[in-house]
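Here's a quick briefing to read alongside the model. Have the viewer open, and we'll go from the whole chain down to single residues.

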Amino acid sequence: MPIGAFAQRSGLTSSALRFYADSGLLPPVEVDPVSGYRYYSADQVVQATVLRQLRELAMPLTTVEAVLGSGADEASRLLDEHVAKVVGKAAAAQQKAAVIKSALGNVPGLPIAAVKGPVLADAVEQVLTATAYEHGMPALAGLRIEASYEAVTLTATDRYRLSTRTLVPAEAPGQTWAGTVHGNELRGAVAEIRRSPLVRLEAVPHGIWLRVADREDRHCRLLPEEFPDYQLMLASLGDVTTRVTVPKELLLRALEDQPGERITLHVSDHGMHVRSADDDSSDIWLPATVTGRALQIWFELTTFYPAVSTAIGPDVLLDLRGPDLPVTIRSADRGDLTTLAMPIESDHSA
């Protein structure tokens, strides 16, 4: 097959094919000794197509050669490794661009609040468990920060859970402010925040600065997309009909021991039973203080378990409103961390 026809079938240009031939990646099967014209076989089309696709991922030639010469498992590992590097570089470039944009125009930063570093780090980790990455809804991967004259509130939601924590600032905010911060960038700053006695939050165009003494300040981008109106949802919650206080560790252990992906909570005057929604024999009884009416409710384990695991203190308080309404999970000794979890119907539909 002449080089022109092979170029059409592989999606590579003739000049690219000459380059890959000279580099040893894709030599032709035959070269005319007089004219120097190159010929390829139909069997080489697959290799040439893969080569083109790898180069479209900006993969270096040395890595391309390793992928083409490896088995499926090793090639997959090399691909994953390369993509992780590309994504990391892209994220770093986005952060640097955001820092540059925030400095354009020499606009002074707006002080938001000052919060104790370890307290802020714990709150960020707890609330970020309720984030999600969904195409077309980038705000669900962000953390909403709202500063008032009395408090700083952190909120995140993945539409099945909503987690919110209110912090008492070390210094009262001078004015109100609200914004949705890039969750991954905030998560990456947690270690630095935790080692800082005091963190000052400062708003700039397109982001916020986390100002810390004797350490490098961290910048996090703001997400421009609108955050879900969680206040409206909270205001529309029905009255609590059943209230349960249960030891956190016992509840987590019972959840971990359940087979399957869905669990059932059965609450009565005698305590709370936890079992698999698909296996009644997995029933585990837990001692609990219960007020209100008996109730049975179903959850996806991936929704309910994280909501319980992030609670503060040895006990959790569950506010139940009915089998088809959100349950509020609160820390029994410190009510400033609140998580809502959506149940599923008894037929296991969302």
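A residue counts as buried when its relative accessible area is under 20%. With that cut-off, 43% of the 350 residues of the protein are buried. Keep in mind that this is a predicted model.

**Overall build**
- The secondary structure adds up to eleven helices and 19 strands.
- The radius of gyration is 28 Å, whereas a compact globule of 350 residues would come in near 20 Å.
- Measured out along the principal axes, the box filled by the C-alpha atoms is roughly 95 × 60 × 35 Å.
- Take the contacts between residues at least 6 apart in sequence: 61% of them join residues at least 24 apart.
- About 17700 Å² of surface is accessible, and carbon and sulfur atoms own 54% of that.

**The nonpolar cores**
- The largest nonpolar core has 32 residues, and the members touching the most others are I112, L120, I145, L154, I208 and L210.
- Quite a few elements chip in at least two residues each, including the strands β3 (110–116), β4 (142–147), β5 (152–157) and β9 (207–212), along with the helix α8 (190–194).
- The top contributor to this core is α6, with six residues.
- Leaving out residues up to four places away in sequence, I208 touches I112, I145, W177, V181, E202, A203, R218, H219, C220 and L222.
- There's also a second, separate core of 27 residues, with M272, A311, L318 and V327 among them.

**Helix α2 and its cover**
- Helix α2 spans residues 14–22, and A16, L17, Y20 and A21 are buried in it.
- Those four sit on the same side of α2, because they cover an arc of only 140° around the axis.
- What lies over the buried residues of α2 includes α1 (3–10), β2 (38–39), α3 (45–56) and α4 (61–68).
- After α2 comes G24, with a positive phi near 90°.

**Q126 up close**
- You'll find Q126 in helix α6, which runs over residues 117–128.
- Is Q126 buried or exposed? Its relative accessible area is 16%, so Q126 is buried, given that the cut-off is under 20%.
- Not counting residues up to four places away in sequence, Q126 touches S163, R165, T310, I312 and L337.

Notes:
Residues numbered from 1 in each chain as written. Predicted model: local features only at pLDDT ≥ 70, side-chain atom pairs only at ≥ 80, totals over all residues. Heavy atoms only, no water. Buried < 20%, exposed > 50% of the residue type's maximum accessible area, 1.4 Å probe, protein only. Contact = heavy atoms within 4.5 Å. Arc of directions from axis to C-beta. Core = buried A, V, L, I, M, F, W, Y, C linked by side-chain atoms within 4.5 Å. Rg over C-alpha atoms; globule rule 2.2 N^0.38 Å. Areas by Shrake-Rupley, 256 points an atom, 1.4 Å probe, with all protein chains shown as cover.
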